[in-house]
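Please open the model in a viewer and keep the selection panel at hand. The tour begins with the surroundings of the ligand and then turns to the domains.

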Amino acid sequence: MKKLLRCVLALCMIATIAGCSNKPADTNISDGVYTESAKGNNGDVKVEVEVKDAKVIRVEVVEHMETAGIADVPIQSIPEAIVEHQSLKIDTIAGATNTSKAILEAAELGLMAAGFDVEAMKNKEVIEAVKSEAEDVICDTVVIGAGGAGMTTAIELKKGGQNVILVEKQAMNGGATSLAATYFVAVNTEYQKQAGLGLSIDEYIADQVSKNPDMNADNWKTLLERSEESVEWLNSLGTKINRPLSTYQVATEDGSSLGVAIVKALNAEIERLDVDMRLSTKAVELVTENDQVKGVKVESQNETYTIYADNIVIATGGFASGKEALLEYAPEWADLPSTSAAGSTGDGFELVKAVDANLAFMDVVRLNPSVHSENGVNSSLSAARAEGGIMVNLEGKRFCNDYYPDYTTLSKWMMEQEGDHVYILIDQSAMDKSKRLQGFKDQGYFIEADTIEELAEKMGVPADNLTATIEKYQLAVKTGIDEEFGRSANLTIDFTQAPYYAVSTKPGLQVTLGGIEVDSSMHVVTKAGHAINNLYAVGECAHDGLFGGAPTNENVTFGKLVAEDILNK
Ligand SMILES: Cc1cc2nc3c(=O)[nH]c(=O)nc-3n(C[C@H](O)[C@H](O)[C@H](O)COP(=O)(O)OP(=O)(O)OC[C@H]3O[C@@H](n4cnc5c(N)ncnc54)[C@H](O)[C@@H]3O)c2cc1C
């Protein structure tokens, strides 16, 4: 009884803190500030809901661990939409679904605590968190797709005095660019030279062309000669891409995500310049007249309008997440999970059918051998391999040089194994080195055990096989010679530091490498070999002859090139 009384008192105190003292007479809804949490992508999302006179007057995300850049739009727009429409039936933001759901869930709990009829608030017409503008319009240039390539092009055009419209089909911009993990390909920058990592650009290009004769050496040269300028341009906007990793790679100063840094910086510039960026606006058809491209038809919240423009830039990204496009262009890979953005569905290739554009090398892709799928989310566990992890199959045996640099070949070896996944194994020494891996561990992705036998049991593989595998690998680490599979790089984990970790992994699709054929100024080229003067393709959707050799650099350098070509007309 005493216990019950204590509970009642405690509840009263909580309610007072929450502010239930001011309850309008004709409602069960109490004024106050209510704080609730729900699980997002990376952890709890804490939301404050403020209620006054039976109205929601403020919803705010006050604490979260969601990925900066990717989560920005839902964190701002969903709370605003709840307040504006007094509704919980807000559409989630594509590409940030888990964050959106967490905000809605936490807000619902808060509103429930305040006494709202949350079922009624969910039983309304769906509200788009991002608004549309549905009228035909004329501008100088329309850029389709607000990833790295589209944003760079739009920024440079706006700075050059153009009236530019940037359309993005998702409710947030950034595309696959925001997922770019680590390195910006650049050669012979000051950062590299100072670290003793200088390399002649011609030497690098010769090496690339020797590996793939279809490479376009001229476009490589243009890109690499302007790399330093592109890195400094990004850094002037706020990125800190200044850490040389190798003769051809630079990364962010603190090792944080390259893509998030780039998108954040470009976003700030888009905002500063007040670029007309239209989110939730999907390009559905190129408008042509007498064989001339005149603009693009777009859809926004079930309404269609046309943007007429002198120049049209397609920057719609690749098609790693587009089942239909994969079946059409690269069926061999259609069943693999995608680590790319939800918007990478190959829309650009549909658009250019209207002008009979040539599509080149469409079946060439870059696979990621380290994809872990959990609750429908595909995450790249490449850090586990980068820290020296080994791979074993469901028999508990290594099956190849698991640090093989060609990911497509490595992925094919993985696909030859029994079952639908293999495991990457690391020990505590590797876990200690990587914040990213620790984050995945916190999310429960790893199987963990104090002994190899126990690990084998939890993985469901034969313990004697796994023990023998580890013993053989320990010898390879000790001698530096992997007699079984000839792995010579990153033989760093000797599996002596418990606990031991395993994470299931399978190959996934990361980047598509073919695309719309373009000339050296990124004009779209038709099947008949004619370059269309006012139609451009840039970024992952374009086949610029680099085969995705430097994706984020291609976005910036070739995006600027497109803008220069347009401004010089
Ligand atoms: C997991 C991962 C890791 C990576 N790591 C690196 C790395 O370390 N270094 C590196 O350089 N690259 C890396 N990449 C590759 C790189 O991120 C991309 O290839 C590149 O940034 C693509 O840029 P983009 O602007 O062409 O396309 P995106 O950034 O994908 O932008 C295209 C935009 O167009 C929008 N869009 C599509 N269709 C339409 C339409 N019909 N109407 C309007 N909008 C539309 C999309 O929603 C998207 O926002 C990585 C990629 C992935 C997936």
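Select the ligand together with the residues around it in this predicted model. Sorted by class, the shell comprises 14 nonpolar, 18 polar and 5 charged residues. In total, 37 residues surround the ligand, taking a heavy atom within 4 Å as the criterion. To find the closest of them, highlight Glu168, Thr177, Tyr183, Glu540 and Thr552.

Next, display the backbone atoms and inspect the polar contacts. Which backbone atoms should be selected? At Ala149, a polar backbone atom is 3.0 Å from an oxygen atom of the ligand. Move on to Ala181, where a backbone N or O atom lies 3.0 Å from a nitrogen atom of the ligand. At Thr182, a backbone N or O atom is found 2.9 Å from a ligand oxygen atom.

Now switch to a surface representation. The ligand taken alone exposes 1000 Å², of which the protein buries 96%.

Return to the cartoon and colour the elements that each give two or more residues to the shell: helix H5 (148-159), strand S10 (282-289), strand S19 (500-512) and helix H19 (551-567). Which element supplies the largest share of the shell? That element is H19, with 3 residues.

Finally, zoom out and colour by domain. Domain 1 covers 2-122, domain 2 combines 137-364 with 513-567, and domain 3 spans 370-509. Placing a marker at the C-alpha centre of domain 1 and another at that of domain 3 gives a separation of 41 Å.

Conventions: Residues numbered from 1 in each chain as written. Predicted model: local features only at pLDDT ≥ 70, side-chain atom pairs only at ≥ 80, totals over all residues. Heavy atoms only, no water. Domains from an automatic or database assignment. Polar contact = N/O pair within 3.5 Å; in protein donor to acceptor, adjacent residues only side chain to side chain. Areas by Shrake-Rupley, 256 points an atom, 1.4 Å probe, with all protein chains shown as cover. Helix = DSSP H or I, 4+ residues; strand = E, 2+ residues; numbered from the N terminus. Nonpolar A, V, L, I, M, F, W, Y, C, P; charged D, E, K, R; others polar.
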